[in-house]
Amino acid sequence: MATTTKTKSTDAIVHLKDDHKEIRRLFDQFEKAGDGAEKTKGKLVDQIIELLTVHTYIENEVMYPRVRELLPDLEDDVLESYEEHHVADVLVMELSSMKPGDERFDAKTTVLIENVRHHIEEEEKEWFPKVREGLGRKSLQEIGAEMIAKRKKAPRRPSQPSALKKTIDAVVS
């Protein structure tokens, strides 16, 4: 699921929007699952964790550093995005060690959903248009190709070494 994207385009923004669509779909399913649907919610949260772990990894490793380098005027936006990822990383790490029946499982998942939805909305409405205008098609295709390559090696769980380092950096920073 998190290892491929639906589009054949190498455009970085198209790939990230595809991820966002899948993330939103899982969020909606979690919210519709209702009370007492522990097994369903557990499976959905596992999928959310995997998708967010991969997604934040490729953004942090490829997209954000390249945008910082190529569009220095967007530095503040990139730093805010790193901080939003930090919050998501901490929640994902905590959720990964919880069981669906735990008292705060639903509440923690709801906070994660609210934070990530806010982040996605800002990216898609404010940040992506600036990045597309500033970089143009060729650069976005090059960055997208780099993201596709990184995705293949991306961690799937927050406990994997490359994800764990990112999470520890987020908690310690």
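These are my notebook entries on helix packing and aromatic contacts in a predicted model.

**Entry 1, overall make-up.** I began with the secondary structure, and I found 5 helices and 0 strands in the chain. Reading along the sequence, I wrote the pattern down as α-α-α-α-α. I then looked up burial for the chain as a whole, and of its 173 residues 44% count as buried.

**Entry 2, H1 against H4.** I turned next to helix H1, which spans residues 12–33, and I noted that H1 and H4 pack at an angle of about 165 degrees, with their axes 6 Å apart. Angles over 145 degrees count as roughly antiparallel, and H1 and H4 are therefore roughly antiparallel to each other. I recorded the handedness of the H1 and H4 crossing as left-handed. Sorting the residues in the contact of H1 with H4 by class, I have 17 nonpolar, 4 polar and 11 charged.

**Entry 3, H3 against H4.** I looked up helix H3 (residues 75–96) together with helix H4 (residues 105–153), and for this pair I have a packing angle of about 160 degrees and axes 10 Å apart. H3 and H4 are therefore roughly antiparallel to each other, and their crossing is left-handed. In the contact of H3 with H4, the classes come to 11 nonpolar, 6 polar and 8 charged residues.

**Entry 4, H2 against H3.** For H2 and H3 I noted axes that come within 10 Å and cross at roughly 155 degrees. From that angle I wrote that H2 and H3 are therefore roughly antiparallel to each other, and that H2 passes H3 in a left-handed crossing.

**Entry 5, aromatic pairs.** I went on to the rings, where the count comes to 3 aromatic pairs. One of them is formed by tyrosine 64 and tryptophan 127, and I recorded it as edge-to-face, with 5.5 Å centre to centre and 85 degrees between the planes. Tyrosine 64 lies in helix H2 (residues 38–70) and tryptophan 127 in helix H4, so this pair ties together parts that are 63 residues apart in sequence. I checked burial for both partners: tyrosine 64, at 0% relative accessibility, counts as buried, and tryptophan 127, at 4% relative accessibility, counts as buried too. Another pair joins tryptophan 127 and phenylalanine 128, which I entered as tilted, with 6.0 Å centre to centre and 45 degrees between the planes. I noted that tryptophan 127 and phenylalanine 128 are both buried. Putting the rings together, I have one aromatic cluster formed by Tyr64, Tyr82, Trp127 and Phe128.

**Entry 6, a charge over a ring.** I also looked at phenylalanine 30, and I found the charged end of lysine 41 sitting over its ring, 5.1 Å from the ring centre.

**Entry 7, leucine 70.** My last look was at leucine 70, whose place is in helix H2. Is leucine 70 buried or exposed? I entered it as partly exposed, with a relative accessible area of 34%. I then asked how far apart leucine 70 and serine 139 are in sequence and in space. They are 69 residues apart in sequence, and their C-alpha atoms are 9.4 Å apart in space.

Definitions and conventions
Residues are numbered from 1 along each chain as its sequence is written. This is a predicted model: local features need pLDDT of at least 70, side-chain atom pairs count only at pLDDT 80 or more; totals for chains, interfaces and linings use all residues. Side-chain values use heavy atoms; hydrogens and water are left out. Axes are lines fitted to C-alpha atoms, for helices over the stretch in contact, and angles run from 0 to 180 degrees between N-to-C directions. Angles under 35 degrees count as roughly parallel, over 145 as roughly antiparallel, 65 to 115 as roughly perpendicular and the rest as oblique. A crossing is left-handed if the near helix is turned anticlockwise from the far one by less than a right angle, and right-handed if clockwise. Ala, Val, Leu, Ile, Met, Phe, Trp, Tyr, Cys and Pro count as nonpolar, Asp, Glu, Lys and Arg as charged, and the others, Gly among them, as polar. Rings of Phe, Tyr and Trp (its six-membered ring) pair if their centres lie within 6.5 Å; planes under 30 degrees apart count as stacked, over 60 as edge-to-face and the rest as tilted. Buried means under 20% relative accessible area, exposed over 50%, partly exposed in between (1.4 Å probe, protein chains only). A charge sits over a ring if NZ of Lys or CZ of Arg is within 6 Å of the ring centre and within 35 degrees of the ring normal.
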